[in-house]
Amino acid sequence: MPKTIKPTQKDKCIGCELCVFESQRQLKKIGLEESLIRIFRKKSADKQTVEYDLEIDPRINILDIEKIVSICPKEVFEIVESSNND
Amino acid sequence: MIDITAKKVLIIDVDKKEYNAKTFTDLNKFLGGTGLGLKLLEMFVDENPLIFSVGPLNGFFPFASKSSIVLTNDGVVEDLYLGGSISTRLKFAGLDALIIKKTSDNKTIIEIKNSEVYFHNEGTDIQSLGLTGKRCLIEFDGKKVLSDQYFTTPDDYLEKIFTEKNIGGISITGTEIFSPKNFDEYKKIYSEILERKDELRVLEGNYPSCSNCPMGCGKSKVGEIGGNILVNSLVACQFADKIYTDIGTVFSCLNVLGYDYTHEDIENLPGLIEETIKNIS
């Protein structure tokens, strides 16, 4: 079964966007347009800090996902088997 | 496509609610960041400009993650540095600098998408502006200017000028891309710089991080003021000065992106800046 990545520890994300830029580099571009990973900032429920939401495009599995996982300084991602729901 | 052959400056007149994007090839010698910001201050000094600017490496390399802010406070020139995602959004908007000139007669929220500007009245929800994931929101609640709901600048210079100009917030969305000719070499240099994170003068933390910086340090929240001219013109993080005052590294980065700066350009920069400051004074 094909593999994909999931942000299983997104509470650890610090919003550095290294994963976004790595995925873009693998597509030979620098920028945010049509990125297969998107990071959204929002205030935490108690409004004391910032939280991050991550959206992964299912097409991410065409990339070198191990490289994307390893560039994250906070080990937010895990490689999992992709299902039809991913 | 981001154009690196000239400096693209978005000039916003908040009084007339007009804007235009201008391209200046003669400003390349000011490199970017503070160097470019000070020159633009000299050019627009009569119009009370607030200038945000980025350097040639912002958006492209790790730790080149700050934006420069140049303004005058009671006639004194101040240079501040703001972290978060603003540097990458300005760069991906295809801009080297953003000038907000004059004063609005009503509270205005400015929405920027690449080189286009939309003016919104007070009461507009800034969260509804721009493209999520590709934007930076700079919000002002009347007390503190916050970028990405977290990052600030030292002292209250930015807050004073936001108040003076009647600016309620700024949304910046960047959707342009860039692709260096020698992409494999670019990736190699990017990785080499990222591996040098132990050379930074901050410890890794779990705080919100600047875009393109893995450190999550606790120091970026409050921004920076003053510092090394080269680092501030590139606009790298002051804690990455060991990397970005290494001229060999800087030229590797500039060359692989396709910039044609020479060693003389870098050597001449402090003199140019000094002359510009004299002219402003």
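**Close-up 1. D155(B), a partly exposed loop residue of the predicted model.** D155(B) has 14 C-beta neighbours inside 10 Å and therefore counts as partly exposed; a residue is buried only at 20 or more and exposed at 12 or fewer. The residue is located in the loop of chain B that runs between β10 (145–147) and α3 (157–165). Its phi is near 60°, a positive value although the residue is not glycine. Most residues other than glycine have a negative phi.

**Close-up 2. N212(B), a buried loop residue with positive phi.** The loop shown lies between α4 (183–194) and β13 (224–225) of chain B and contains N212(B). Phi of this non-glycine residue is positive, near 75°. N212(B) counts as buried because 26 C-beta neighbours lie inside 10 Å.

**Close-up 3. Helix α1 of chain B, residues 33–44.** The helix has 12 residues, which at 1.5 Å a residue should span 16 Å. Its end C-alpha atoms are 16 Å apart, in agreement with that value. Of the 12 residues of α1(B), 9 are buried, so the helix is largely enclosed by the rest of the structure. The buried residues are G33(B), T34(B), G35(B), L36(B), G37(B), L38(B), K39(B), L40(B) and L41(B).

**Close-up 4. I51(B) in the largest nonpolar core.** This core has 99 residues, of which I51(B) and A236(B) touch the most other members. Helix α7 (residues 247–257) of chain B contributes the largest share of the core, 5 residues. Apart from neighbours within four places in sequence, the contacts of I51(B) include G37(B), L40(B) and L41(B), three of the buried residues of α1(B). I51(B) is also in contact with I69(B), V70(B), L71(B), A97(B) and I99(B).

**Close-up 5. The contact between chains A and B.** On this interface, 27 residues of chain B are in contact with 20 residues of chain A. Among the elements on the chain B side, β12 (177–178) and α4 each supply at least two residues. The chain B side divides into 10 nonpolar, 12 polar and 5 charged residues.

**Close-up 6. Strand pairing across the two chains.** Strand β2 (residues 30–31) of chain A is joined to β12(B) by 2 bridges, and the strands run antiparallel. G31(A) has I177(B) as its bridge partner in β12(B). Strand β12 is also one of the elements that supply at least two residues to the side of chain B touching chain A.

Technical notes. Residues are numbered from 1 along each chain as its sequence is written. Chains are lettered from A and ligands numbered from 1 in the order in which they are written. This is a predicted model: local features need pLDDT of at least 70, side-chain atom pairs count only at pLDDT 80 or more; totals for chains, interfaces and linings use all residues. Helices (H or I, at least four residues) and strands (E, at least two) are DSSP runs, numbered from the N terminus. A nonpolar core is a set of buried Ala, Val, Leu, Ile, Met, Phe, Trp, Tyr and Cys residues joined through C-beta atoms within 7 Å. Two residues are in contact if their C-beta atoms, placed from the backbone, lie within 7 Å. Ala, Val, Leu, Ile, Met, Phe, Trp, Tyr, Cys and Pro count as nonpolar, Asp, Glu, Lys and Arg as charged, and the others, Gly among them, as polar. Two strands pair if DSSP finds at least two bridges between them. The expected span of a helix is 1.5 Å times one less than its number of residues.
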